[in-house]
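Q: Please take me through this structure. I want the reasoning behind each label.

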Amino acid sequence: MIKLNSHYQKLQSGYLFVEIARRVAAHIERGAGRELIKLGIGDVTRPLSPAIIQAFHDGVNEQAEAKTFHGYGPEQGYAFLREAIAEYDFKRRGCPISADEIFISDGAKCDTGNIQELFAADVRVAVPDPVYPVYVDTNVMAGRSGAWKDGRYSALIYLEGRPENSFAPGPETLGAESADLVYLCFPNNPTGAIASRELLSRWVEWALKNKALLLFDAAYEAFISSEEIPRSIYEIPGADTCAVEFRSFSKTAGFTGTRCAFTVVPKAISIGGASLHSLWNRRHATKTNGVCYPVQKAAAAVYSPQGQRETKESISYYMANARLIRKAMQEAGFQVWGGKHSPYVWIKTGEDSWSTFDTLLQKADVVVTPGSGFGRMGEGFIRISAFNNRDKVEEALERIQKIFSA
Ligand code: MLT
């Protein structure tokens, strides 16, 4: 008799963004009066920049000629892209990371979801709360979560983010709990919080002392606008022996629909005498044939001088949106966080967050993300994404302000 993976039965409701899409579809079905403005899922709206699209076209053209055609590429990614990443994202910032420690993939969502496969079913996992739901759900699927009880999984450890700790919990949040794997995300999705050098140093020190592994999601590092704030965990000495880092071109360079990301697994990480790098390499080579050649060409163009200029310009555009969102929500009387080094603004409404979501959908035809979708600590908050065109953001904020001043 076929038996299903019973751990899937423990998953709560639908995946957050699928549930949002379901409610939005029902709203449209009922006949929304005005154009719907989406500030929910963090999906870019600006097209690929000229330098990137040119490289993409060049890659496609190469595939049209026998002389330049590429079949299977290296599973880990082409050297030209891995070397550009190692040089620009790591060596220039003093991080001890080399090209062969970088694995190209089609998304940080997949990589942050898949990494847990390398670990035993009984490792203790700590996740932030609020949390990017992928970290939790993939550990539920793998049978590490324990039962769902009182709004949480009994075997997971939750690192509570609160206004009091600026939504950036440190290792002290673990209390007496001992965790083996700790997921961290900075700049944080959903709260927009950042991690100072001091905070990351404390996490690295804790991981080294406790023989734990940090799973550091840096998908939003490109939005950091201060040199004081580390962009990579590897800026902290010792992190290359206790941390894996996830990065993505999705938000950095508009690749949400093009798909390209990478994960750094340093060779210096040894777990029970085994090399984590070798294990991830083994997994990668078994389960993927990598990312298509033109896409990797396009990603490499992000590091060209023109690509860097255009990418920065695009990020500034979205960050100007974030500033407008912060201002409008503050004027509407709310406390806000994030939006300074992150495209997400985190707003305390103090109300049931799905109710706020429904109100804004039904009365303003604006989609946001309800905080409780990110965990118990997100209740009473909403997240507004800065990814949209300026006129849409302005229109959405006008509509939202009307609702809250009514
Ligand atoms: C988000 O809105 O949280 C992200 O777009 C989701 C993702 O990157 O998968």
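A: This is a predicted model. Start with the interface: domain 1 and domain 2 bury about 3400 Å² between them. Of that area, 63% is on carbon and sulfur atoms.

Q: Why is that area used to describe the interface?
A: The size of an interface is often given as the accessible area lost when the parts come together.

Q: What makes up domain 1 and domain 2?
A: Domain 1 covers 6–47 + 306–405, and domain 2 covers 54–304. Their C-alpha centres lie 24 Å apart. The contact takes 34 residues from domain 1 and 48 residues from domain 2.

Q: How many salt bridges does the rule find across the interface of domain 1 and domain 2?
A: Zero. The rule asks for a side-chain nitrogen of Lys or Arg within 4 Å of a carboxyl oxygen of Asp or Glu. Polar contacts are another matter: 16 residue pairs are counted between domain 1 and domain 2.

Q: Why is the pair formed by Asn189 and the ligand called a polar contact?
A: A polar side-chain atom of Asn189 lies 2.8 Å from a ligand oxygen atom. The cut-off is 3.5 Å between N or O atoms, so the pair qualifies. For Lys251 the distance to a ligand oxygen is 2.8 Å. For Tyr344 it is 3.4 Å, so this pair is also within 3.5 Å. The protein covers 85% of the 270 Å² of accessible area that the ligand has on its own.

Q: Which residues are around the ligand?
A: They are Phe17, Ile41, Gly42, Lys109, Tyr132, Asn189, Tyr220, Lys251, Tyr344 and Arg383. The shell divides into five nonpolar, two polar and three charged residues.

Q: How do you know that the shell draws on domain 1 and domain 2?
A: Each of domain 1 and domain 2 supplies at least three residues of the shell.

Key: Residues numbered from 1 in each chain as written. Predicted model: local features only at pLDDT ≥ 70, side-chain atom pairs only at ≥ 80, totals over all residues. Heavy atoms only, no water. Near = heavy atom within 4 Å. Polar contact = N/O pair within 3.5 Å; in protein donor to acceptor, adjacent residues only side chain to side chain. Areas by Shrake-Rupley, 256 points an atom, 1.4 Å probe, with all protein chains shown as cover. Nonpolar A, V, L, I, M, F, W, Y, C, P; charged D, E, K, R; others polar. Domains from an automatic or database assignment. Contact = heavy atoms within 4.5 Å. Buried area = accessible area lost by both parts, 1.4 Å probe.
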